[in-house]
Amino acid sequence: NCCPVLPPASMAAVGSARAPVPLSEAAELERQDQVALALSQLLASADEAAARAAAPRPELAAWTSELEALRCAAHLSDLDACRSQHRLFALGYALRHDAELLEAESQLVDASETERQSFFEGVYTRMKSGDFSSFAFSEADFKSALGLERAERLRRSSAALDRIQELQALSSSQITERLSECADAIANCSWQRLAATGQERWRAQVDALTLETSEDLWMVAEAWPTQAEESCQET
């Protein structure tokens, strides 16, 4: 479910618009926290309140790290949500149950990676479209195996999913508290005295990575003072 997790005043102070895609309540809270924390870290050197808000929280950091690992594992276990895992299972099943297909794949040992991927994509496309006429197995056989694999992966990931819910509940209060502190610090900061020139100017870099499809976009933004960059180069 996508529902508000911050009071209007806090959202206005942080200046963070909602994500363009629906997020769970926990994910939206974490996203807003990361925006507010990044801003507070930028202000920390010139503002005591921002420095306090951005101070490390070891327990929360440990929970966040564990959450990231568990979410990744849960995603890879979900054949409906993780397209790459669905593709791997489908191709693996096809090669195990069709001798001619396996023989054709063995002939690609010296082929380029482009040719190999074109071969696999052709097989997978036919399976997705329901065209099983050229395979030694039926659509019903494949769907039956897929259902069994889906159920087994869900069974194996149930503990991880329970732990994710537990960690989200544990961390939400600390995230909400930090988000409120960051919002107050940002709202009350004297921005005029942060203007800088020359070696005091800040540099920024944004990297983007797409996973699975163009709809899955991950972005990382970094900012650092020019002076710190020059000191590292001298070192």
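## Tyr-93 and its aromatic partner

Tyr-93 is buried, with a relative accessible area of 6%. In this predicted model, Tyr-93 shares helix H5 with Phe-89, the two residues standing four apart, or about one turn of the helix. Phe-89 is buried as well, at a relative accessible area of 12%. Both values fall under the 20% limit, and both residues are therefore classed as buried.

A pair of aromatic rings is described by the distance of the centres and the angle of the planes. The structure holds nine aromatic pairs. One of them is formed by Phe-89 and Tyr-93, with 6.4 Å from centre to centre and 35 degrees between the planes, a tilted arrangement. The two residues also belong to one aromatic cluster, which further includes Phe-132, Phe-135, Phe-137 and Phe-142.

## Surroundings of Phe-89

Helix H5, in which Phe-89 lies, covers residues 83–97. When neighbours within four places in sequence are set aside, the contacts of Phe-89 are Leu-79, Arg-96, Phe-142, Ala-145, Leu-146 and Glu-149. Phe-142 thus appears both among these contacts and in the aromatic cluster.

Leu-79 is 10 residues away from Phe-89 along the chain, and the C-alpha atoms of the two residues are separated by 8.6 Å.

## Overall architecture

The protein chain contains nine helices and two strands. Read from the N terminus, the order of the elements is α-α-α-α-α-α-α-α-β-β-α.

Of the 235 residues in the protein chain, 29% are buried. The accessible surface of the chain comes to about 14,900 Å², and carbon and sulfur atoms account for 55% of that area. Among contacts between residues at least 6 apart in sequence, 58% join residues at least 24 apart.

## Salt bridges between separate parts of the chain

Side chains of opposite charge can pair when their charged atoms come close. The structure holds 14 salt bridges. In one of them, the side chains of Glu-177 and Arg-57 meet at 3.8 Å, N to O. Glu-177 lies in helix H8 (residues 139–188), whereas Arg-57 lies in the loop between helix H3 (48–53) and helix H4 (58–77), so this pair ties together parts that are 120 residues apart in sequence. Arg-57 is buried, with a relative accessible area of 16%, while Glu-177 is partly exposed at 43% relative accessibility. Arg-57 and Glu-177 are also linked with Glu-181 in a network of salt bridges.

Another salt bridge joins Glu-66 and Arg-163, whose closest N and O atoms are 2.9 Å apart. This pair links distant parts of the chain, with Glu-66 in helix H4 and Arg-163 in helix H8, 97 residues apart. Both partners count as partly exposed: Glu-66 has a relative accessibility of 31%, and Arg-163 has one of 23%. Helix H5 also takes part in a salt bridge, for the side chains of Arg-87 and Glu-121 meet at 3.3 Å, N to O. Arg-87 lies in helix H5 and Glu-121 in helix H7 (residues 113–129), so the pair ties together parts that are 34 residues apart in sequence. Glu-121 is partly exposed, with a relative accessible area of 34%.

## Confidence of the model

The average pLDDT of the protein chain is 79, and 71% of the residues score at least 70. Among the elements of the chain, H5 has the highest mean pLDDT, at 95, and helix H1 (residues 8–14) the lowest, at 39. The helix that holds Phe-89 and Tyr-93 is therefore the element with the highest mean confidence.

Two stretches have low scores. Over residues 1–16 the pLDDT stays under 50, and the model has 31 contacts beyond four places in sequence for this stretch. Over residues 231–235 the pLDDT is likewise below 50, but here the model has zero contacts beyond near neighbours in sequence.

Definitions and conventions:
Residues are numbered from 1 along each chain as its sequence is written. This is a predicted model: local features need pLDDT of at least 70, side-chain atom pairs count only at pLDDT 80 or more; totals for chains, interfaces and linings use all residues. Side-chain values use heavy atoms; hydrogens and water are left out. Buried means under 20% relative accessible area, exposed over 50%, partly exposed in between (1.4 Å probe, protein chains only). Contact means heavy atoms within 4.5 Å. Accessible areas come from the Shrake-Rupley method with a 1.4 Å probe; for residues, only the protein chains shown count as cover. Rings of Phe, Tyr and Trp (its six-membered ring) pair if their centres lie within 6.5 Å; planes under 30 degrees apart count as stacked, over 60 as edge-to-face and the rest as tilted. pLDDT is the predictor's confidence in each residue, from 0 to 100. A salt bridge is a side-chain nitrogen of Lys or Arg within 4 Å of a carboxyl oxygen of Asp or Glu.
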